[in-house]
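Colleague: I would like a close look at a single part of this protein, explained slowly enough for someone in the first year of study. Please take one residue as the starting point and work outwards from there.

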Amino acid sequence: MAVAKDSGLWKISAWAVLLLLLELLASGCAGRQDILLCDGWKFTKADGVFSEVALDVSSWESVTIPHDWAIYGPFDADNDAQTVAISQNLETVASLKTGRTGSLPHVGTGWYRTVFDVPGYSDGKSVELVFDGAMSHAQVYVNGRKAGEWPYGYNSFHFDVSDLINGDGKGNVLAVRLENLPESARWYPGAGLYRNVHLVVTDRIHVPVWGTHVVCPRVCADEATVEIEVKVDGTPDRVKTVILGPDGKRVASCKAGHEGSIRHVFRINAPQLWSPESPSLYSAVTSVYSGARKVDEYRTVFGIREIELVPGEGFLLNGTKRKIKGVCNHHDLGPLGAAVNEAALRHQLTLLKDMGCDAIRTAHNMPAPELVRLCDEMGFMMMVESFDEWDISKCANGYSRIFDEWAEKDLVNMLHQYRNSPSVVFWSIGNEVPSQNDSTGCKTAAFLYDICHREDPARFVTCGMDQVLPVLESGFAEQLDIPGFNYRVNYYGLAHQQLPGKLILGSETASTLSTRGIYKFPAERKMMAMYPDRYCSSYDLECCSWSNLPEDDFAMAEDNDWDIGQFVWTGFDYLGEPTPYESMPNHSSNFGIIDLASIPKDRYYLYRSVWKPEDETLHIVPHWTWPSREGETTPVFVYTNHPSAELFVNGISQGIRTKDMNGDLERYRLIWEDVTYEPGELKVVAYDETGKAVSEKCVRTAGQPHHLVLTSDRTRLHADGKDLAYIEVTAVDADGNVCPLENSSVSFSTEGDSGFFRASANGDPTSLELFHIPEMHLFNGKLTAIVQTTDRKGRLVFRAHSEKMIDGELAIQVR
């Protein structure tokens, strides 16, 4: 009787259950697969007709993708010798330069081949090859037929190869020819399939690559409007999008059904806003149906946030004013070369985050998708840059050769790929382009600017300009949403006056020069200083003829609301551009706040003291081991977030110093200029605003090197064949004091099948030791070794051996 009485409810419930089961069954039929083609590749630097299916490549080298063929060396001045005048260095007469692109063998041709199957292939499947980047001039063949070509090595691109697949979907031969021309780059570009390659298999009715566009036209604390445009190839019967919150729970959904472009609008209550401090991410899960069958599911990760440029107030994120504390980075990963690795990128970003950095400029090219995803997740704003050249060359074989034909295609790909990322705040259309001085450049800038706002009106467009007076006169700067100036901080005020209603961004700043652990006496300001040992002083007082010290940019941003912040050149040292030396053996930069071995220089702590004042920073410059300087004047600098400090040498006070808001260097550094060196202990005691001692730090004169100390950034890794640990190797005396003059050789070995030695670096810009050989000299007492996991779980033991000191050993768990 009860069943009969409630039969209507029972029928409704039964239908609901049935519909749910149908939905679950349909979900299981959604056939999108994104397969990384990492293993099973063959490679050769020979050239020929290597796209034929039956070609025997058994003698080719076996490699794993991503792969940078040039990073294994050897270093040789002939690899990048060129006679040029570097306009950025204000040169007017050409001279022989070497090391400009790292003196590694990136020039030439390379072929890659692999064989792949398409799972579940049938005539109803769509097959796409997606290349995150290929350096460069890629020509892609599938089963002997050309799928397409893409010349720009930094861009992501994709080809529909559905009609090129074998009938049974098996044994498909993929061949890729790449060629790097001489004098085609101003820094180390890398070579090969240095980013990931994806095989994307879907139903013929599907969301295409980068086929969604998310905008948030209204953002408030209590509610946000989210609009999602979805493109669908083919004719679906229904398209449904569900919004998942940062906790993975459904917060909204919407349905629509027709061909072409579909627009979904959502109201999100009490949204969790994205910011560097709280990088909350949402997911839009779009399901495409043909009849009752789900044929595709596409996930779009996005964030809800609002960005504004308000004259007289500054840059606002979610309604709150903030200054950008950013760095520029080239794309190479030091000893790993250009081959992208997510663990290496995360390591870099972790170091920058601890410094107080909140923004990245991808100088001067389109980034790897892994970097953008990590910035979304870890909380970094981004300036995503497109080109270093337009239609007038900086390099004989640079991008200008293909600009007219490819610029719009490349720019549209970049915009579509990254316009849903909350980290991306600025699009940069160029860097120090030669045509910035004339009307031709204005027209080109307008062309690129219009493309950016056509494809993504929700972000600001800028350009890195180094000719401040000409771009003010020509109108070049005025047509940008936010003028980006590279250096010339002394012209910022004039630019603000001549650009009413505009704010100013330091798109590239400082270019201070230093080599970790090297100190030159007397400690004084210098431009383009060069020394017999070919290093730069870490007193952080040296810069280029066209650049400045960090204090100039700090003060400009702090003192002027219209200055919205900066991107420092650079976060990390990189391969190439060995300014000021411009010749071998120098082959890497001196600009980095962090060296090529991922070891922070002294300058790191200066930036940290200003950019992260809420955290303790107390750092002493220089070290205190000077066997030949007894009785000589040895200036001491202290970088700290505290307002004052007292310095002691062997217990004797050298006086208290207090930051001077009206000073130059003294506004941000505590300086004792006349300290007399004597061996022993150098101690600094920091005081707060009330004069209370709150922290202290000591450095001591080191004795003879005694043993090696190993410290790893991580002690637990993933058994995914890609994960990395960065192990810092330090020479210390018997009491544990760092030996800052020790440069002896160290060799490396590993035990266990869960990992292996991958590379090492020591931060010496003149060192020609190969990164992949398990032996390297310490540089000023330190180096970094990198180990990589296999796909096996277990215990990985790393050992560092020295003929001069007691060995070091460290164990890492691989899970």
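Does R177 count as buried or exposed at its relative accessibility, and which side chain does the side chain of R177 meet in a salt bridge?

Modeller: Please keep in mind that this is a predicted model. R177 counts as buried, because its relative accessibility is 14% and the limit for a buried residue is under 20%. The side chain of R177 meets that of D47 in a salt bridge, with 2.7 Å from N to O. R177 belongs to strand β11, which covers residues 172-180, while D47 sits in the loop between β2 (41-44) and β3 (61-63), so this pair ties together parts that are 130 residues apart in sequence. The partner has another setting, for D47 counts as partly exposed at 42% relative accessibility.

From this pair we can work outwards, since the structure holds 45 salt bridges. One of them is formed by R608 and D354, whose closest N and O atoms are 3.3 Å apart. Here the two residues come from helices: R608 lies in α10 (residues 602-611) and D354 in α3 (residues 342-355), so the pair ties together parts that are 254 residues apart in sequence. R608 counts as buried at 10% relative accessibility, whereas D354, with a relative accessible area of 34%, is partly exposed.

Another salt bridge joins E558 to R667, and in this case the closest N and O atoms are 3.1 Å apart. E558 is part of helix α9 (residues 550-559) and R667 is part of the loop between β37 and β38, so parts that are 109 residues apart in sequence are tied together by the pair. E558 counts as partly exposed at 44% relative accessibility, while R667 is buried with a relative accessible area of 8%. Salt bridges can also share partners, and in this way R100, R186, D388, K394, E577 and E582 are joined into one network.

One member of that network, E582, deserves a further look at its backbone. The phi angle of E582 is near 55 degrees, which is a positive value in a residue other than glycine. E582 is placed in the loop between β33 and α10, and it is buried, with a relative accessible area of 6%. P580 has its place in the loop between β33 (563-569) and α10 as well, and a cis peptide bond, with omega about 10 degrees, joins T579 and P580.

These backbone features have counterparts elsewhere in the chain. R534, although it is not a glycine, has a positive phi of about 65 degrees; this residue lies in the loop between β31 (526-527) and β32 (542-543), and it is partly exposed, with a relative accessible area of 22%. The peptide bond from A363 to H364 is cis, with omega near -10 degrees, and H364 is found in the loop between β24 (359-362) and α4 (369-378).

Charged residues can also be followed on the surface, where D660, E666, E673 and D674 form a negative patch. D660 lies in the loop between β37 (652-658) and β38 (670-672), the loop that also holds R667. With a relative accessible area of 35%, D660 is partly exposed.

After the salt bridges, it is natural to ask about bonds between cysteines, and a search of the whole structure finds 0 disulfides. For C216, the closest cysteine sulfur is that of C220, and because the two sulfurs are 12 Å apart, they are too far for a bond. C375 is likewise in no disulfide, since the nearest cysteine sulfur, in C357, is 8.7 Å away, whereas a disulfide requires sulfur atoms within 2.5 Å. C375 itself is buried, with a relative accessible area of 0%.

A last stop is F637, in strand β35 (residues 636-640). F637 counts as buried at 4% relative accessibility. Its C-alpha atom is separated by 70 Å from that of D168, and these two residues are 469 residues apart along the chain.

Methods:
Residues numbered from 1 in each chain as written. Predicted model: local features only at pLDDT ≥ 70, side-chain atom pairs only at ≥ 80, totals over all residues. Heavy atoms only, no water. Patch = residues over 30% accessible without salt bridge, like charges linked within 9 Å, V, L, I, M, F, W, Y side chains within 5 Å. Areas by Shrake-Rupley, 256 points an atom, 1.4 Å probe, with all protein chains shown as cover. Salt bridge = Lys/Arg side-chain N within 4 Å of Asp/Glu carboxyl O. Lys, Arg positive; Asp, Glu negative; His and termini not counted. Charge placed at Lys NZ, Arg CZ, Asp CG, Glu CD. Helix = DSSP H or I, 4+ residues; strand = E, 2+ residues; numbered from the N terminus. Buried < 20%, exposed > 50% of the residue type's maximum accessible area, 1.4 Å probe, protein only.
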